[in-house]
Amino acid sequence: MGNQADRSAGEAAPAKNGALITTSGLVKQFPTGGYLFTALNGINLLIDRGEFTGLVGPSGSGKTTLLNIIGALDYPSSGSAVVLGSDTKHLNHKQSARLRNHHIGFIFQTYNLLPVYTVYENVEFPLLLLGMEADRRRRAVTQALEWVGLTDRAQQRPAQLSGGESQRVAVARAMVKKPEIVLADEPTANLDAENSHNILRMMVELNTELETTFIFATHDEKVIRYLRRRITLRDGRVVEDREMEPDYTT
Amino acid sequence: MIVKLAFRNLMGAGLRTWLNVIVLSLAFVMIIWVKGMLEGMNNYARTAKIDSEVGGGQFWHRSYDPYDMLTYEESHGVPPPALSRLVERGEAAAVLLTPASIYPDGRLQSVVLKGIDPGQKIVNLPASFLAVETPGAIPGMIGNMMAHQTKLEIGDYVTARWRDVHGTFDATDIRIVQIMRTTQPTIDQGQIWVPLARLQEMMRAPGEASYLVLAKGAETIPEGIEGWIHRNPEYLLQEISDMIQMKSVSMNIIYSLLLLLGLLAIFDTQVLSIWRRRKEIGTFMALGMERGKVIRLFTFEGALHGIFALLVGAIYGIPVLAWTLRRGLSMPEITDNIGFAIPETLYPSYGGQLVIGTTILVFITVTIVSFLPATKIAKLKPTDALRGKQS
Ligand SMILES: Nc1ncnc2c1ncn2[C@@H]1O[C@H](COP(=O)(O)OP(=O)(O)O)[C@@H](O)[C@H]1O
Ligand SMILES: [Mg+2]
């Protein structure tokens, strides 16, 4: 383990069947007005390649906090989170940026598209950060827009899109670099039922096709139905962790 | 990528961007304009003074002090052979000064009588007009400012009173034979030029001079001359440099304020934009953009104001400045004593150094005020930024 922890973020993912993400004794505390608030309290999880998993629980249970730590946007107070062989605690800013840039896609509740960029440019952005050459970039963006069915919207700005369309752009942006992991924080919270199902069906397809690991943070029943594994959090602890039979019917 | 993003964000900010850009471009153009004007003024004043007064430097009688008229009576002597040889060879001109009183229209006025050889070719002064016979009087030449002030005209007689070397008062009439057009106040105001030999006679000081002017570009300066002090052109022009310097201080304040205003506006825009777009900053980080890169992005976005300002400034500045170069600026007629020559039409001088220096100054200051607020990003936690919270 010690050996793995020292690996730099840019290196290849571990063996296919190994755990992609391991948390052990993970604790996260926030200083709030004089005392420490414990948002995560001893999380032990193994998440494998290709999973379609959800962190489920009421608001304030620690879902976003855990997702942020897995995405190396935040660090554990104690315990560890090893993502793709890197202990996130030991990553500096550059290395954690590199880990996200190369291996992790984010999807947010509020889409977080760049308003001055077109749909095409929004999707292209992560590839520019990767320094991918123009030809490959164009092919990848075109393909990602096909996945989410927005080819004809490529030249529009986010302001011209509906919520469902915006979130599809966000999915394309997260998927365009074919990352190992996609972290989606309440992706359907601002969407109606139909759009939610569309988005989720798309994700299931990409999950099977590309073997991308999806981790959701959600308390939305529409999302939970699609999950193959449900990890229930309450007050910063895992209270249930079980396999599920997904229900793809609408 | 960063260029496009910064460009679009700036364009998206619309009016605010253009206000910043316009204020900044005004400062930019004004710096060049004002500095160019002062430089043109400096050039003119120096050239005029070299031409009419300074030549290639001067030798002063040991006690001669141009600022103390009262000492003129004692401050002259016969130049040593090393200097008088120069005068004989036409490489220098001797000038003798003495205070005097004249009575135009019966009112008393203090003047300086300046004796110069009508045949001299050293300074640009129409002394040859003094080579005329004016029976019963001494020929005298004055400048246009002096003429304006005393209302003397060509052909007028004016009585002058002076003291000779023995302290004896004497008086004679001076006939104005020429009014010279000049912008150089130091050869004009309060003075009357007369033939050197006549003044020496009047003062009973044969062969004496207060100072000698060397020919322009004089290379061999006699050394170790007792009782006479060499003053090089730079020394003699120092006064102009000082005065231009003083004038430029007030000008500097004006455009510095304008520049400061532009910089402050950009600083403010940056602070606001970083605060408003912290969620976007969080997104950049989540997408794997390094912090340093995010800071660079925002710095560049602010610095782009500077580039726009330079472009906008060039669009209206180049025609305006070019026009002033071609046509010059007509200057108000100044009659009070400002100590150096002001041309009727001023041609500014915009050197490459000035333009490049100003461009660099604007660009660097804008980049600094853009960078400072952006450093706040380094302290922003990505999770807080994503939640739209300012840490
Ligand atoms: N930066 C922070 N500072 C203080 N408290 C925080 C911070 N982030 C989250 N929390 C707290 O931690 C708890 C878990 O938050 P979060 O992970 O966002 O929950 P969820 O996503 O399940 O709604 C909440 O009580 C929240 O107020
Ligand atoms: Mg949450």
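## Sheet in chain A

Two strands count as paired if DSSP finds at least two bridges between them. In this predicted model, strand β1 (residues 19-32) and strand β4 (residues 78-83) of chain A are joined by five bridges, and their pairing is antiparallel. One residue of β1 region can be traced across: A:S24 has A:S80, in β4(A), as its bridge partner.

The pair belongs to an open sheet of four strands in chain A, ordered β2-β1-β4-β5, with antiparallel pairing. The edges are β2 (35-48) and β5 (86-87) of chain A; each has a single partner strand, so one side of each lacks a neighbour in the sheet.

## Contact between chains A and B

Chain A contributes 25 residues to the contact and chain B contributes 20 residues. Between them the chains bury about 2200 Å², and carbon and sulfur atoms give 65% of this area. Of the area that chain B buries against chain A, 30% comes from B:M1, B:R8 and B:L287, more than from any other three residues.

## Polar links and the chain B side

One salt bridge is counted between chain B and chain A. A:K94 forms a salt bridge with B:E290, with 3.9 Å between the closest N and O atoms. Four residue pairs are in polar contact between the two chains, both residues being at pLDDT 80 or more.

On the side of chain B that touches chain A, the elements giving two or more residues are α1 (2-12), α7 (278-286), α8 (291-327) and α10 (382-386) of chain B. The most come from α7(B), with six residues. By class, this side of chain B has nine nonpolar, seven charged and four polar residues.

Technical notes:
Residues numbered from 1 in each chain as written. Chains lettered and ligands numbered in written order. Predicted model: local features only at pLDDT ≥ 70, side-chain atom pairs only at ≥ 80, totals over all residues. Heavy atoms only, no water. Contact = heavy atoms within 4.5 Å. Buried area = accessible area lost by both parts, 1.4 Å probe. Salt bridge = Lys/Arg side-chain N within 4 Å of Asp/Glu carboxyl O. Polar contact = N/O pair within 3.5 Å; in protein donor to acceptor, adjacent residues only side chain to side chain. Nonpolar A, V, L, I, M, F, W, Y, C, P; charged D, E, K, R; others polar.
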